[in-house]
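Let us go through this model by question and answer. Keep the structure open beside the text.

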Amino acid sequence: MKTFARLLAATMLVTGLASAAEAKTLVYCSEGSPENFNPQINTTGTSLDAARPAFNQLVQFEPGTTNVVPALAEKWDISPDGTEITFHLRKGVKFHSTKTFTPTRDFNADDVIFSFERQWKADNPYHKVSGGAYDYFNDMGMPDLLKSIDKVDDYTVKFTLTRPEAPFLANLAMDFATIFSAEFADAMLKAGTPEQLDQVPVGTGPFSFVAYQKDSVIRFKAFPDYWDGAPKLDGLVFAITKDPTARWSKLQKGECQIMAYPNPSDLDAIGKDPNVNLLQQAGLNIGYLAFNVEKKPFDDKRVRLAMAHAIDKDTILKDVYLGAGQSAKNLIPPTIWSYNDKVVDYEYDPEKAKALLKEAGLEGGFETDLWWMPVQRPYNPNAKRVAEIIQADLAKLNIKANLVSYEWGEYRKRMQAGEHKMGQLGWTGDNGDPDNFFFLLSCEAARPGGQNLSKWCNKEFDDRLNKAKSLFDKAERTKLYEEMQVIQHDDYPMMPIAHSIVFEPTRKEVSGYKVSPLGRHEFTNVELK
Amino acid sequence: MLGFIVRRVLLVIPTFIAIAFLTFVAIRLVPGDPIEVRTGERGISPERLAQFRHELGLDQPVWKQFLDYLWQLAHGNFGTSTSTHAPVLTEFLTLFPATLELAICAMLFATILGIPAGVIAATRRGSFVDYTLMGAALTGFSMPIFWWGLLLVLFFSVNLGWTPVSGRIDLLYYFEPVTGFMLIDSWLSGEEGAFSSAVSHLILPTIVLGTIPLATIARMTRSAMLEILGEDYVRTARAKGLSPFRVVGLHALRNALIPVVTVIGLQVGALMAGAVLTEYIFSWPGIGSWLIESINRRDYPVLQGGILLVSGIVILINILVDLLYGVLNPRIRHAR
């Protein structure tokens, strides 16, 4: 009997231990392998997602929104003229350790300076490491914008800008503005392996990196010393699964709990699965048709408005987007703050279109070109098919649209030079700031080679754009952007076609996961039931 | 024999240069380059484009780029990936064991089932068994791999839950790779259940990749056997009163195997092609999906180096097959 009691006690102890040790690991079926683990040099969403659990920036996007909130900087002051931004850094923030590196100090101003100077200063010893292309840093105009970055003291850093620029804060929440450990960087440089900085993510983030096997798996474990409190998960695993149907099969079987980018044809089945929640939201993008206002007949506003009534967006959404698109009436998607929902889209009405053309003296129709881009994008899955639908709609008004396309690089270049009369393109936002979309219609971008493909320069619009950029007050900016959307809608330099819809299937046992309007996959606040 | 080997190996050099040249030119004929492909709607400034092109040597004339590449190869340097910045050879060596493991299993599966199936069909020529086996082989041969793979996953993994959907091992198991072969590594890890998990992950990919070679081998064995069974020496063996098992298994099969070995050798190339799709369906971390991605990213060094390394292996296996003939067939051995 005694033996039995002992055995029982031992069994209970073992099972007790086992359940205590039952780790809550979230498996995320991701869509591909990262190029490396440095968000300063990566540009693909896949690579940025893979590094994000390990890192932080000075400021961050509040999960599920595009609002900028404090992160490694607790607060910041902006000088009255808007050109000096002083960040007060959080104290007691720990960096992760690796097998070969144990940090001896907390995060401080040196880490901030190092992280920006690597991308900015050609004489930084890391500048040329891993290819040395800092695309986002350059694309966001940082080299022109930054005058200096100074360490005021260990926990204060001052950024001096060449001009006041409100979107700057949103830029600093982007992945390229990730803060690296200067101490780890020095250690790797000394060891003669600087490229390790880009392969082994050592950051301050909620999860610390464990291992990566190319095309197979990325493993993270919870970082107990995380400054914002340890995550509720014990581990995070990226199961790299390139085929969308295989990702869905794995989710169905519970081999992963969240999956990226489902196949549109599986959406029906996913929606019906009782174990799965299908989250959805408009993507941070826009697919549009630009009218070149420098060329006849699109210099006439009546003709542009005729196009608005002549083209049937619903058919395009149904035939081309297959349910994964949402009709667009503004340049920015509804998830960005300052979206003007009061704007009413022009309805499909060929008769109105005819009347407008008659008014413009073109009742007999005209001939135009219609460019379609040779690449697939979430905001435009098949530009050629879209062009064909538009072509058919225009033919009803005796307008002959000739389809034109070039190789992607060439296409962009020629459109930017303004060779087209009418052409499709789109935009995917970077930082959720309205300016990041509206600059596409600025006068500055209307120059030959610029990204304003309508070559439309409207002073009322442009003045508001520039003013909004220099103001740090969100309410004032919102008002200006709302007015700009009305101006754009009235003058119609381009036809907004669609925003993609992002679908994210998650299993029912997942809670706290939010679809990011920025297209990110973030797991900091996720729990498993 | 030695002369033969030396001759074969020397012949490999021009083959290599030709392959290097073809891949080099082919990938450059595809529109876009590694930098253009990376740029999105924003485009890239002409200065930055020129700078990156210069750094990658893409501003040089193509013939000079090619000669530089050959020079680099002659020094055993396969270059560095333009997207991950890791040496091509390192990436290849990390990923290749997965492909090799899968290919070996698929080949074993195809050979172990294919040869007996062919022999049985040949010895029962015209019977119901023959028709069934050859009908199945024809179906297997014409099966689109992608469809077949998804079908098996849907049936066995999702509906029945017998096998895992994809990957090489359950993600619960975590150990450092030693050999890169999951069957061996999981065994060495000593973790309970790891080995059986690795085996269960291998089943479906092996069947999918092995199906076409299985069908080919079965059909080839059958026709070779039929030919041999009509030979005089087989009739003599039968007349001597040898048991049918000895006649078929020892005298006929050994001779019939010669063309079959050739086919097996040739299948290695086909296997590599099939591996691309199989790896994609089963998220198998091998070189197939690595090469496909390198095309999408216009990662010239990875594509060029990867293709060269794969062709090197195919060529090597073909040489081995040639040598194996000699072992199997003394007539060939003496002819050399």
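Q: How many residues of chain B are in contact with chain A?
A: The model is predicted. Contact here requires C-beta atoms within 7 Å. On the chain A side, 39 residues take part. On the chain B side, the number is 33 residues.

Q: Which helix of chain B gives the largest share of the side that touches chain A?
A: Several helices of chain B supply at least two residues each to that side, among them helix 2 (34-38), helix 5 (88-123) and helix 11 (244-281). The residues there divide into 14 nonpolar, 13 polar and 6 charged. The largest share is 4 residues, and it comes from helix 7 of chain B.

Q: How many helices does chain B have?
A: The C-alpha trace of chain B spans about 85 × 55 × 40 Å along its principal axes. Strands number 0 in chain B. The elements therefore run as α after α from the N terminus. The helix count of chain B is 14.

Q: What percentage of the residues in chain B is buried?
A: A residue counts as buried if 20 or more other C-beta atoms lie within 10 Å of its own. Chain B has 336 residues to test. The buried portion is 35%.

Q: What is the strand order of the open sheet of 4 strands in chain A?
A: The pairing in this sheet is antiparallel. Strand 4 (73-78) and strand 6 (146-153) of chain A are the edge strands, each pairing on one side only. Inside the sheet, strand 5 (residues 84-89) and strand 7 (residues 156-161) of chain A pair over 5 bridges. The order is 4-5-7-6.

Q: Which helix of chain A packs on this sheet?
A: Neighbouring strands of the sheet are turned by 20 degrees against each other on average, direction ignored. The packing helix touches strand 5, strand 6 and strand 7 of chain A. Its direction makes about 160 degrees with that of strand 6 of chain A. It is helix 3 (residues 109-120) of chain A.

Q: How many residues are in the largest nonpolar core?
A: A:C256 is one of the members that touch the most other members, as are A:Y28 and A:A239. Leaving aside neighbours within four places in sequence, A:C256 is in contact with residues including A:Y28, A:A239 and A:L251. A second, separate core has 62 residues, including A:A306 and A:Y339. The largest core has 83 residues.

Q: Is A:M422 buried or exposed?
A: A:M422 lies in strand 17 (residues 422-428) of chain A. Leaving aside neighbours within four places in sequence, its contacts include A:L289, A:F291 and A:W371. Because 26 other C-beta atoms lie within 10 Å, A:M422 is buried.

Q: How many residues of strand 17 of chain A are buried?
A: A:M422, A:Q424, A:G426 and A:T428 point one way from the strand. A:G423, A:L425 and A:W427 point the other way, and all are buried. The count for strand 17 of chain A is 7 of its 7 residues.

Q: Which residue of strand 17 of chain A is the bridge partner of A:Y288?
A: Strands of a sheet pair through backbone hydrogen bonds. Strand 13 (residues 285-291) and strand 17 of chain A run antiparallel and are joined by 7 bridges. In strand 17, the partner of A:Y288 is A:L425.

Definitions and conventions: Residues numbered from 1 in each chain as written. Chains lettered and ligands numbered in written order. Predicted model: local features only at pLDDT ≥ 70, side-chain atom pairs only at ≥ 80, totals over all residues. Contact = placed C-beta atoms within 7 Å. Nonpolar A, V, L, I, M, F, W, Y, C, P; charged D, E, K, R; others polar. Pairing = 2+ DSSP bridges. Axes fitted to C-alpha atoms, helices over the stretch in contact; angles between N-to-C directions. Core = buried A, V, L, I, M, F, W, Y, C linked by C-beta atoms within 7 Å. Buried ≥ 20, exposed ≤ 12 C-beta atoms within 10 Å, placed from the backbone.
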